[in-house]
Amino acid sequence: MPATVPADTRVGHIHLKVTDLDRAIAFYSDVLGFTLTQRYGDQAAFLSAGGYHHHIGLNTWHSRGAGPAPERAAGLYHVAFLFPDRASLGAALNRVLDHGTPLDGAADHGVSEAVYFRDPDGNGIELYRDRAEAEWPRDPDGTIAMINQPLDVDALRAEGAA
């Protein structure tokens, strides 16, 4: 019998290696909007949303001053942050683009809308919002039929500016 986890299991936090702690804190707090909850000198910091102890850990233990991880190597592809609605996703997208961070892509997956970019250390970031489950595309047998279509970034930005 295959192993299973409880249905309400969630990813609790991510911990990223960064080269410059102050720069990483500024990006994750000033651009993405997370709140700094704790800092350990110039070695580590923790940030969160909504008063949680931490959703993001940043550290320089093995990476201070190093370059980004090679693209063609095993490791984290991206971390995804789920936003509660389209307006908050659009507002975050506006902050990212206003910061001068280029997008790697933007997609409508049918079940969700997502934008992709990199943090200052080259770590892949996805910001997304889920559609209501009743709106998810499904095959005739009821299985989810995700798609990969272009996302109207301008419309999303406009909703975030409202």
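1. A pairing in strand 4 is a convenient place to start: there, N59 is the bridge partner of K17. This is a predicted model, and the remarks below should be read as a description of that model.

2. The pairing just named belongs to a longer run, since strand 1, which covers residues 14–17, is joined to strand 4 by 4 bridges, and these two strands run parallel. Strand 3, covering residues 44–48, is likewise joined to strand 4 by 4 bridges, but here the two strands run antiparallel. Within the protein chain, A45 is the residue that stands opposite L58 of strand 4.

3. Are the faces of strand 4 covered or open? Strand 4, made up of residues 56–59, is covered on both faces, with I56 and L58 buried on one side and G57 and N59 buried on the other.

4. N59, whose place is in strand 4, deserves a closer look. Its relative accessibility is 5%, and N59 counts as buried because that value falls under the 20% limit. The side chain of N59 also has a polar partner, making a polar contact of 3.2 Å with the side chain of H15.

5. Which residues does N59 touch, once its neighbours within four places in sequence are left aside? The contacts of N59 are then with H15, L16, K17 and V18, and also with Q43 and A44. Two of these residues have already appeared above, K17 as the bridge partner of N59 and H15 as the residue whose side chain meets that of N59 in a polar contact.

6. Turning to the protein chain as a whole, the model contains 3 helices and 9 strands, and from the N terminus on these elements follow the order β-α-β-β-β-β-α-β-β-β-β-α. Among the contacts with a separation of 6 or more, 56% are between residues 24 or more positions apart.

7. As to overall dimensions and surface, the C-alpha atoms of the protein chain fill a box of roughly 55 × 50 × 35 Å along the principal axes. Of the 162 residues in the protein chain, 38% are buried, while the accessible surface comes to about 9700 Å², with 53% of that surface belonging to carbon and sulfur atoms.

8. A last point concerns charge: the protein chain carries 13 positive and 22 negative charges, and the mean positions of these two groups lie 4 Å apart.

How values were computed. Residues are numbered from 1 along each chain as its sequence is written. This is a predicted model: local features need pLDDT of at least 70, side-chain atom pairs count only at pLDDT 80 or more; totals for chains, interfaces and linings use all residues. Side-chain values use heavy atoms; hydrogens and water are left out. Buried means under 20% relative accessible area, exposed over 50%, partly exposed in between (1.4 Å probe, protein chains only). Two strands pair if DSSP finds at least two bridges between them. Contact means heavy atoms within 4.5 Å. Accessible areas come from the Shrake-Rupley method with a 1.4 Å probe; for residues, only the protein chains shown count as cover. Lys and Arg count as positive and Asp and Glu as negative; His and the chain ends are not counted. The place of a charge is taken as NZ of Lys, CZ of Arg, CG of Asp or CD of Glu. A polar contact is a pair of N or O atoms within 3.5 Å; within protein, one must be able to donate a hydrogen and the other to accept it, and residues adjacent in sequence count only if both atoms are side-chain atoms.
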